[in-house]
Amino acid sequence: MADRPGSDQVTTLDTPIRLDYHFSAGAAATPYLRGLAEGKFVGQRCPVCRKVYIPPRGSCPTDGVATEGAEVLADKGTVTTYCVVNVPFAGQSIEIPYICAQVLLDGADISFMSLIQEIPADQVRMGLRVEAVWVPPEERGPTLASVEYFRPNGEPDADYDSYKAYL
Amino acid sequence: MAERCAVIGVGQTKCASKRLDVSVAGLVREAALRALDDAGLTFADIDAVVIGKAPDMFEGVMMPELYLAPALGAVGKPMLRVHTAGSVGGSTALVAAHLVTAGIHQRVLTVAFEKQSDSDAMWALSVPQPFAAPLLAGAGGYFAPIIRAYMRRSGAPDHVGMKVAVKDRLHALKNPYAHLHLPDISMKVVEDSVVIWDPLHYLESCPSSDGAAAMVLGSEQAAAASQAATGRRPAWVHGMAMRSEPTMFAGRDQVNPQAGRDCAADVYRQAGVTKPRADFDCAEVYVPFSWYEPMWLENLGFCEEGQGWRLTDEGATSMDGGDIPWNCSGGVLSSNPIGASGMLRFLEVALQVRGEAGEHQVDGVRRALGQAYGGGSQFFAMWVLGTEKP
Ligand SMILES: [Zn+2]
């Protein structure tokens, strides 16, 4: 394509490439990913500070030790904070605008990014109580795509003091 | 610090959406030649080159430093690449400065760049991963929820972010190298722009830029020689520090990260700074989204926690009558060649300390702070420059 006026010189061209790879989940993420295939959130606990990590990354960065066990958590939690995404970009798989929230599952000590639906964007708020909506069992697999989204579960909003330490 | 180190030459390119007239090699060479010229030197005088850029996916070229060696006069010389995401321009300058303070080299060329038009940074920042939902929408999508948390925690009124967006764009009008020149900018214009990552408006976000920055760092002897040759005075390094922390850990304060506070404490101790708002004459701080100004005012100790928005709201950080002007160059909100953005902060304080910032010069700068952060606020780099030898 000629980018400079009055020039037929090729200066740039798009060359899409793809890379397929095998992801080795490792000891901590394996029970987490298998749990997702069964409709469960499975985290791990730090043996020193007792905090529960989900998704588990295998170690507690604060204490420098391996996290342990398989902590099955509730599939409901609290929106600690969020934004409304209203910008299109290459590779986007969700229709805009959408609500991207940090959800702190009950019993977890760290939040993770989740899609919130079944509520208008201007009614989402910090402290909103939400529950996971799972895809049908036959469509579930070892991926977070097994969770279609989170939606309000009707409980009263969580008190700011209950989640302010997770921001 | 064992040996003294000073900035003896600076060079930057005009930031733009697309620099189609040059390759990456041409872009970095343009900045490097300007820095050498400013120092009264040529490539032959340089002992080593330290280069930085943000993740390689941003241009789709892995380890581009290998092919850039000839363009930077680095063939047969030591060349080092630094990786710390968006803070990399700052970290790169610090690595280069350490080669001088350690007494290893006399003159080190340091360069940082991004050519965003060669690929798609939004895409590169939003690649799906198997353990996470495919929700991340660029850097704004990551930082907007943290900004919302700051607004809730501090009780700041909604308009403060827009105030930063206007102030930095007004500053940019005084900087010919800035990417965005928006003479009609106003609170209304910002408010009327699309809310792309609620609570952030489009005009509260940084642009995507092509650009490069370069500096020549020299020893005491090299500084004296350059000053004799060019008549331009050096900007002395009074302190430098880097800190990092994990992006995700339970109990992390994402709004006011520990690594940033620790980094500031370290660099202030080295420079003898006890009251940053009074001790600095200006600062260049990495503010890619408007609300990061009040957040970093607190993180950097320019005020008590929860009070940063008041400084911004009162106009304290404006060149127009403020006591501690921040981002007189227009900052990252006006130019964001990601890998170079941190170095531009470091370079702009050198210009201020040398009295060479032109129209955006603050009168009588004796000491100034440069700060860069990157990734999910997990990398911090800072330096303090002054007119006096430390
Ligand atoms: Zn722990």
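Helices and strands here are DSSP runs, numbered from the N terminus. The model is predicted.

**Exercise 1. Place A:Leu19 in chain A and decide whether A:Leu19 is buried or exposed.**

Step 1. Find the segment. A:Leu19 sits before α1 (26–37) of chain A.

Step 2. Take the relative accessible area, which is 71% for A:Leu19.

Step 3. Apply the cut-off. Exposed means over 50%, so A:Leu19 is exposed.

Step 4. Look at the partners. A:Leu19 joins A:Tyr21 and A:Phe23 in a nonpolar surface patch of about 380 Å².

**Exercise 2. Place B:Ser377 and decide whether B:Ser377 is buried or exposed.**

Step 1. Find the loop. B:Ser377 lies between β10 (367–374) and β11 (379–386) of chain B.

Step 2. Take the relative accessibility, 1% for B:Ser377.

Step 3. Apply the cut-off. Buried means under 20%, so B:Ser377 is buried.

Step 4. Check a contact across the sequence. B:Glu245 is 132 residues away along the chain, and the two C-alpha atoms are separated by 8.4 Å.

**Exercise 3. Describe the second largest pocket: its volume, its lining and the helix that gives the most to it.**

Step 1. Start with the volume, about 260 Å³.

Step 2. Go to the centre. The pocket has 15 lining residues, and the closest to its centre are B:Lys167, B:Leu170, B:His171, B:Ser318 and B:Asp320.

Step 3. Name the main contributor. Helix α6 (residues 160–172) of chain B gives the most to the lining, with 6 residues.

Step 4. Sort the lining by type. There are 5 nonpolar, 5 polar and 5 charged residues.

Technical notes: Residues numbered from 1 in each chain as written. Chains lettered and ligands numbered in written order. Predicted model: local features only at pLDDT ≥ 70, side-chain atom pairs only at ≥ 80, totals over all residues. Heavy atoms only, no water. 1 Å grid on protein atoms, 1.4 Å probe; cavity = no way out; pocket = protein on both sides within 12 Å on 5 of 7 lines; lining within 4 Å. Points joined across faces, edges and corners; volume = space filled by probe spheres on them. Helix = DSSP H or I, 4+ residues; strand = E, 2+ residues; numbered from the N terminus. Nonpolar A, V, L, I, M, F, W, Y, C, P; charged D, E, K, R; others polar. Patch = residues over 30% accessible without salt bridge, like charges linked within 9 Å, V, L, I, M, F, W, Y side chains within 5 Å. Areas by Shrake-Rupley, 256 points an atom, 1.4 Å probe, with all protein chains shown as cover. Salt bridge = Lys/Arg side-chain N within 4 Å of Asp/Glu carboxyl O. Buried < 20%, exposed > 50% of the residue type's maximum accessible area, 1.4 Å probe, protein only.
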